[in-house]
Amino acid sequence: MTTRVDAIVVGGGIHGCSTALHLCLRGLKPVLIEKDYAGRHASGVNAGGVRQLARHVAEIPLSNRSMDIWERIADLVDDDCGFESHGQVLVAEDDGELAACRIRVDDLNARGFVHEELMDAAELRRLVPAVAETCPGGVVSRRDGAANPARTTTAFRRKAERLGALVREGEPARNVRKDAGLWRVDVGTETFEAPILVNAAGAWAGRIAAALGEPVPVETVAPMLMITSRVPHFIDPVVILRGRKLSFKQFANGTVLIGGGHLATPDQDRNETILDWRKLSESARTVFDLFPVMRGATIVRAWAGIEAKTRDDLPVFGPSARHDGLYHQFGFSLHGFQLGPGAGAVMAEIIVDGGTQTRVAELGIGRFQLP
């Protein structure tokens, strides 16, 4: 059976779900195809950071666009997604790191970005009273926060379907091709055809791009997370470190989520990951060193998600350099969750209007100088 739709979106993470939803809002009827279920991989099991802080300059316009949506997320998806805005704080552990923070903030201000503020030791301790006395300051982004990733992705999927998107879960997209001016994708016994194809397949998107003649230097990675036993309340904002791979936040029940970039070993074909307990212990030790209140905590659970990391740590976002009607939206390199709402809105603008006022040209696939 062949079904004609306005757009085919491959990948049911937050990016695919957001794009499907925003296409619906623009009057299109897309199909959303997910080989497992929406949010099964990186989008549903990440730390939930809603972070403008410490982003690459090329991502900031998209991040700013997305933050505007996060602040009214319930109006869009009929669910607040557990979003709380207590800010995010980057802690400098010594004077050298604080000097680098100052250079960063000055550079952003010169470019017209004012969301990051330099903090001295007094302001750091006001926001994070339990931090070690040796830390001289850092940077704060006050609009930032965190949300529930699985709940958020599900909310986007649910609203897209309510607005008319077809959703196909549990079957992979197969035989992606263009025939007679239309993109065609097989899903189970059904074939979908559309003038538009969005490659938002996360860790699997690189394979689709390569098969369509647009290989990207992308690798499959599995960022690890762990959660601790309950400890007395000691922190409201999300905290990241400048010099080490570490981020953490405390939930209302007292447990602490620790992440920050240490990687497990992914098995992409089997949807499995093998945790690196040595690296997890390094992260735990760092938190215990900086926050003495944590020294009595134990690790309760650890896990990892599977996602795609590009060579330059920036996403591949925008139209294909080779094919009309093909758009890429992948490679968010361990920091794509916050970008999801805005990325879907911007992608819908690019598809429907032929362009966007949000500056995203530096994220295009052409930067890899395809032959």
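The following paragraphs go through two sheets, several helices and a few single residues of a predicted model.

Residues are numbered from 1 along each chain as its sequence is written, and side-chain values use heavy atoms, with hydrogens and water left out. Because the model is predicted, local features need pLDDT of at least 70 and side-chain atom pairs count only at pLDDT 80 or more, while totals for chains, interfaces and linings use all residues.

Helices (H or I, at least four residues) and strands (E, at least two) are DSSP runs, numbered from the N terminus. Two strands pair if DSSP finds at least two bridges between them. One open sheet has six strands, in the order β9-β3-β2-β13-β23-β22, with mixed pairing. Its edges are β9 (166-169) and β22 (316-319), each of which pairs on one side only. On average, and with direction ignored, neighbouring strands in this sheet are turned by 15 degrees against each other. Axes here are lines fitted to C-alpha atoms, for helices over the stretch in contact, and angles run from 0 to 180 degrees between N-to-C directions.

Within this sheet, β2 (residues 7-10) and β3 (residues 30-34) are joined by four bridges in the parallel sense. Valine 9 has leucine 32 of β3 opposite to it. Helix α10 (residues 340-353) packs on the sheet and touches β13 (197-199), β22 and β23 (326-330); the direction of α10 makes about 170 degrees with that of β23. Contact means heavy atoms within 4.5 Å.

At the other end of the strand order, β22 and β23 run antiparallel and are joined by four bridges. Phenylalanine 317 has glutamine 329 in β23 as its bridge partner. The two strands, β22 and β23, make a hairpin with six residues between them, and glycine 325 in the turn has a positive phi of about 85 degrees.

Asparagine 199 belongs to strand β13. Which residues does asparagine 199 contact, leaving aside its neighbours within four places in sequence? They are Val10, Ala205, Ile208, Ala209, Tyr327, His328, Gln329 and Phe330. Asparagine 199 has 1% relative accessibility and therefore counts as buried. Buried means under 20% relative accessible area, exposed over 50%, and partly exposed in between (1.4 Å probe, protein chains only). From C-alpha to C-alpha, asparagine 199 and serine 320 are 9.8 Å apart in space, and they are 121 residues apart in sequence.

The second sheet to consider is an open one of four strands, ordered β1-β12-β11-β10, and its pairing is mixed. Here β1 (2-4) and β10 (174-179) are the edge strands, each pairing on one side only. Neighbouring strands of this sheet are turned by 20 degrees against each other on average, direction ignored. Three bridges in the parallel sense pair β1 with β12 (residues 190-194). Threonine 2 is placed opposite threonine 191 in β12.

The helices come next. The axes of α1 (residues 14-25) and α7 (residues 149-162) come within 8 Å and cross at roughly 30 degrees. The two helices, α1 and α7, are therefore roughly parallel to each other. Angles under 35 degrees count as roughly parallel, over 145 as roughly antiparallel, 65 to 115 as roughly perpendicular and the rest as oblique. The contact of α1 with α7 includes Ile14, Cys17 and Leu21 in α1, and Thr152, Phe156 and Arg157 in α7.

Helix α1 also meets α10: their axes come within 8 Å and cross at roughly 50 degrees. That angle makes α1 oblique to α10. Among the residues in this contact are Ile14, Ser18 and His22 in α1 and Ala343, Met347 and Ile351 in α10.

Helix α3 (residues 60-70) is mostly covered, with eight of its 11 residues buried. The buried residues are Ile60, Pro61, Leu62, Ser63, Ser66, Met67, Ile69 and Trp70. Their cover includes α1, β4 (49-50), α4 (73-77), α5 (95-110), α7 and α10.

Histidine 115 lies in the loop between α5 and β6 (117-120). Is histidine 115 buried or exposed? At 12% relative accessibility, histidine 115 counts as buried. Not counting residues up to four places away in sequence, histidine 115 touches Gln52, Ile60, Asn64, Leu108, Val140, Ser141 and Arg142.
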